[in-house]
Amino acid sequence: MRHLDEYRDPLLARALLEETAAVATRPWRLMEVCGGQTHTLVRQGIDELLPAGMRMIHGPGCPVCVTPLEVLDRALAIAARPGTVLTSFGDILRVPGTQGDLLTQRARGADVRVVYSPMDAVEIARREPEREVVFLAVGFETTAPANAMAVLHAEHLGLDNFSMLVSHVLVPPAMTTLLESPDCEVQAFLAAGHVCAVMGWTAYEPIAARYKVPIVITGFEPLDLLEGILMAVRQLERGRAEVENQYARAVRRTGNTDAQNAVRRVFEITDQVWRGLGPLPNSGLRLAGDFARYDAALRHEVGTLRTIEHPDCIAGAVLTGSRLPTHCPAYGSSCTPRTPLGAPMVSAEGTCAAFHAAGRQALATNPGSPA
């Protein structure tokens, strides 16, 4: 038996589903925040096996998907500059900007490279001192520590040809924004285990208390999610609203303090624009003053950017859970993983990509799906 098999046991999964059905007296609506969790729920068909009327709302926890179009367009413009190497992870290179994606830019002659770590970008800068190396740094609390360490390493090496185009976002402000929306249907959250492994869950406690919403930290395997759903439903049925930790094998209440210290040293909290959610106060990270010289947006002037979203893409509504990918007229026709109109169809954590990979048809089949 592989280690992961114990988290995918079909008999245990069936038992958890049956127990959830026995506990639930109402059609509760839960949001899984993380795109990785969305992929497991959809791939395993868990969202369609829940008790009648109970619905999973797919949240905005895909780091590539929430990266603003302006950042992508800035990355495209920087990549086009002579003598520049633009680096990032693979899936964001295919996200459409206003005028193409970074892979298209590479086909036009730009030096765009896939890296597997921000440290790889630092190493390129060390090996090629005649080139300006830029790392496109996106993501949640999960990737911020590694990016902070890359900046610290570049400083240690004395590199003056390395910089970052930063678009970091923070989960708790996004949850608060969703809960304060007059159209919010979320009654409980499944929080992402990897985010909490870094940051802990103390930031969630005031949210659960203020908005009377259960928050259950879960992992990403089928049994993690099924147990997390059951824990959330139990809280809802008993009128409780607390933070509970299903992912105890990886998450502690205070998180990883070494990682937090690295982030606090290099970054500072700032207002941030989220694709789909708009500008949210104190929801992002930028390079702190002592490290501003590594800010690619300050270092590389690209002039005025004119960003234009594709008119047929409803990614914003998908990211806020108000629409399903299958409600989009472009889904599976003009928008596919090979010809994406928006980031959720490209990213490894995108909701549209999850639905498409699972073969979901253009019309929603879950009776609890939003209209």
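A disulfide is taken here as a pair of cysteine sulfur atoms within 2.5 Å. With that cut-off in hand, here are some close-up views of this predicted model.

**View 1. Cysteine 196, a cysteine without a bonded partner.** The cysteine sulfur closest to that of cysteine 196 belongs to cysteine 34 and is 10 Å away, too far for a bond. Cysteine 196 is also buried, with a relative accessible area of 0%.

**View 2. The disulfide of cysteine 62 and cysteine 65.** A search of the whole structure turns up one disulfide, and this view centres on it. The sulfur atoms of cysteine 62 and cysteine 65 are 2.4 Å apart. The torsion about their S-S bond is about 65 degrees, so the disulfide is right-handed. Are the two cysteines buried or exposed? Cysteine 62 is buried, at 3% relative accessible area, and cysteine 65 is buried too, at 1%.

**View 3. Cysteine 335 and the second largest cavity.** Cysteine 335 has cysteine 313 as the owner of its closest cysteine sulfur, but the 6.1 Å between the two sulfurs is too far for a bond. Cysteine 335 is buried, with a relative accessible area of 8%. Both residues appear again around an enclosed space: the model has four cavities of 30 Å³ or more, and the second largest of these holds about 90 Å³. It is lined by 14 residues, and those closest to its centre are Cys313, Ile314, Cys328, Cys335 and Cys352. By class, this lining has 12 nonpolar residues, one polar and one charged.

**View 4. Helix 7, a mostly covered helix.** Helix 7 spans residues 171-180, and eight of its 10 residues are buried. Which residues of helix 7 are the buried ones? They are Val171, Pro172, Pro173, Ala174, Met175, Thr176, Leu178 and Leu179.

**View 5. The largest pocket.** This pocket holds about 370 Å³ of space. Of the 21 residues that line it, Glu141, Leu170, Met199, Ile269 and Leu285 lie nearest its centre. Helix 7 from the previous view is one of the elements that give two or more residues to this lining, and the others are helix 6 (144-157), helix 8 (193-199), helix 11 (257-266), strand 10 (267-274) and strand 11 (278-287). How do the residues of the lining divide by class? There are 14 nonpolar, four polar and three charged residues.

**View 6. The second largest pocket.** About 310 Å³ of space lies here. The lining has 15 residues, with Val71, Val166, Gln272, Arg286 and Ala297 nearest the centre of the pocket. At least two lining residues come from each of helix 3 (69-79), strand 6 (162-169), strand 10 and strand 11. Which element gives the most to this lining? That is strand 10, with four residues. Sorted by class, the lining has eight nonpolar, two polar and five charged residues.

**View 7. Residues 364-371, a stretch to read with care.** Across the protein chain the mean pLDDT is 93, and 97% of the residues reach 70 or more. Over residues 364-371, by contrast, pLDDT stays under 50. For this stretch the model has 18 contacts beyond four places in sequence.

How values were computed: Residues numbered from 1 in each chain as written. Predicted model: local features only at pLDDT ≥ 70, side-chain atom pairs only at ≥ 80, totals over all residues. Heavy atoms only, no water. Buried < 20%, exposed > 50% of the residue type's maximum accessible area, 1.4 Å probe, protein only. 1 Å grid on protein atoms, 1.4 Å probe; cavity = no way out; pocket = protein on both sides within 12 Å on 5 of 7 lines; lining within 4 Å. Points joined across faces, edges and corners; volume = space filled by probe spheres on them. Nonpolar A, V, L, I, M, F, W, Y, C, P; charged D, E, K, R; others polar. pLDDT = per-residue confidence, 0-100. Contact = heavy atoms within 4.5 Å.
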